[in-house]
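Me: Could you take me on a close look at the salt bridges of this chain? I am in my first year, so please explain each term as you go.

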Amino acid sequence: MAISPGTYDITLQRRADYELPLTFKDSTDTAINLTGWTVAAQVWNADRSSKYSDFTVAYTSRTGGQVKISLTDTQTAALSLTSPAKYDVLLTNASGLKEYYLEGTIYAEEGYTA
């Protein structure tokens, strides 16, 4: 089954930790049981010639379709203030089927407290 990924744009502060809780649901708004599934997410520059980082994925409730993706302060420090980054979230089910469920743009803002 091919799906169209959802879009969610992120604005975050450079040099700060960032986390995003996600709940994956099917077309009937029922949580997808992620038991046996893997979730991966990466951040790239817009033309996908340079990877900034991999998100850390924490499974908060596999049966409830819930994960948390996060970046460390060191990872967000590498993001450009002038060129927005792109990210996506790829789910692989227990049979090996891979589908993108979420994608978007990351806008980095400068924090002033060091």
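Reply: Here is a walk from the whole chain down to its charged pairs.

Before we start, please keep in mind that this is a predicted model, in which local features need pLDDT of at least 70 and side-chain atom pairs count only at pLDDT 80 or more, while totals for chains, interfaces and linings use all residues. Residues are numbered from 1 along each chain as its sequence is written, and side-chain values use heavy atoms, with hydrogens and water left out.

Let's begin with the overall layout. The chain has one helix and nine strands; here helices (H or I, at least four residues) and strands (E, at least two) are DSSP runs, numbered from the N terminus. Reading from the N terminus, the order is β-β-β-β-β-β-β-α-β-β. Along the principal axes, the C-alpha atoms fill a box of roughly 45 × 30 × 20 Å. Of the contacts (heavy atoms within 4.5 Å) between residues at least 6 apart in sequence, 65% join residues at least 24 apart. Buried residues make up 34% of the 114 residues, where buried means under 20% relative accessible area, exposed over 50%, and partly exposed in between, with a 1.4 Å probe and protein chains only.

Now for the charges. There are 9 positive and 13 negative side chains, and the centres of the two sets lie 4 Å apart. In that count, Lys and Arg are positive and Asp and Glu negative, with His and the chain ends not counted; the place of a charge is NZ of Lys, CZ of Arg, CG of Asp or CD of Glu. Side chains of opposite charge can pair when their charged atoms come close. A salt bridge is a side-chain nitrogen of Lys or Arg within 4 Å of a carboxyl oxygen of Asp or Glu, and the count for this chain is five.

Let's look at Glu110 and its partners. Glu110 forms a salt bridge with Arg14, and their closest N and O atoms are 2.8 Å apart. This pair links distant parts of the chain: Glu110 is in the segment after strand 9 (98-109), whereas Arg14 is in the loop between strand 2 (10-13) and strand 3 (18-23), 96 residues apart. Glu110 counts as partly exposed because its relative accessibility is 26%, while Arg14 counts as buried because its value is 17%.

Glu110 also meets Arg15 in a salt bridge, at 2.2 Å from N to O. Here, too, distant parts are linked, with Glu110 and Arg15 lying 95 residues apart. Arg15 has a relative accessible area of 38%, so Arg15 is partly exposed. Its backbone deserves a glance as well: phi of Arg15 is near 65 degrees, a positive value in a residue other than glycine.

Another pair joins two strands. Glu19 and Lys68 form a salt bridge, with 3.5 Å between their closest N and O atoms. Glu19 lies in strand 3 and Lys68 in strand 7 (residues 66-71), so the bridge ties together parts that are 49 residues apart in sequence. Both side chains belong to partly exposed residues: Glu19 has a relative accessible area of 49%, and Lys68 has 27%.

To draw the Glu110 bridges together, salt bridges that share partners join Arg14, Arg15 and Glu110 into one network.
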